[in-house]
Structures are given as C-alpha cells and as structure tokens.
Amino acid sequence: MSLKRFTLRLDQKDIEIIDKLADEQNRSRAEIIRNSLHQNAITTDSLHQVTNAIRKRFHGIFTAQQAEQAAAISIFTIASNKQQEAA
C-alpha cells in the first residue's frame, strides 16, 4: 500500500478521542484513522458521496476541500463512537 501524507484539522475533542484509542490499542494516530476507515467500509466513493451531500445541503458555500474535511471528520467521529460503544 502506497501511503500519502496529508494535513487534517481536527477539533481538540476529536484528537483526544484518537489519542485515547491509540493509547488503548498501542498504535499510532495514523493507524487508528486508517483502521477506522477500513473497518467501517469507508470507500473513496462513500467519502465523495458524503462530500457532495454536504455541499448540496449548504448550497455550495463550502469548497470541495472544506466539505471533504467535514465529511471525513463526521465519518471518523461516528466510527470512533461506535468503537467506544463496542468496547
């Protein structure tokens, strides 16, 4: 798998959730994020669908990048909450 570096801006609470999961599972933040995406069958197509839905809902006031970040944060937060509930 070829990995690409990118920047993601998160709310402090989201970072705390990621850090807590990383500590509990003795993994890096990146591994937690990647595993969350893979475990919940999040595909690139799914991310694009959510991104487009956000842009439509807000009548295009978000740029594609802003909507994608919002989608990624939303999906990750939901996945993290499900993991915490399952634990």
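**Burial, pairing and cores in a predicted model**

T51 has its place in helix α3 (residues 44-57), where a helix is a DSSP run of H or I with at least four residues, numbered from the N terminus. This is a predicted model, in which local features need pLDDT of at least 70 and side-chain atom pairs count only at pLDDT 80 or more, while totals for chains, interfaces and linings use all residues. Residues are numbered from 1 along each chain as its sequence is written, and side-chain values use heavy atoms, leaving out hydrogens and water.

Me: Why is T51 called buried?
Reply: Buried means under 20% relative accessible area, exposed means over 50%, and partly exposed lies in between (1.4 Å probe, protein chains only). T51 has a relative accessible area of 5%, so T51 counts as buried.

Me: What makes D19 and R29 a salt bridge?
Reply: The term asks for a side-chain nitrogen of Lys or Arg within 4 Å of a carboxyl oxygen of Asp or Glu. Between the side chains of D19 and R29 the distance is 2.6 Å, N to O, so the pair fits the term. The pair links distant parts of the chain, with D19 in helix α1 (residues 12-25) and R29 in helix α2 (residues 29-39), 10 residues apart.

Me: Why is R29 called partly exposed?
Reply: The relative accessibility of R29 is 45%, which falls between the two cut-offs, and therefore R29 is partly exposed.

Me: What makes a nonpolar core?
Reply: Such a core is a set of buried Ala, Val, Leu, Ile, Met, Phe, Trp, Tyr and Cys residues joined through side-chain atoms within 4.5 Å. The largest one has 6 residues, namely I17, I18, L21, A22, I32 and F76, and α1 gives the most to this core, with 4 residues.

Definitions and conventions: Helices (H or I, at least four residues) and strands (E, at least two) are DSSP runs, numbered from the N terminus.
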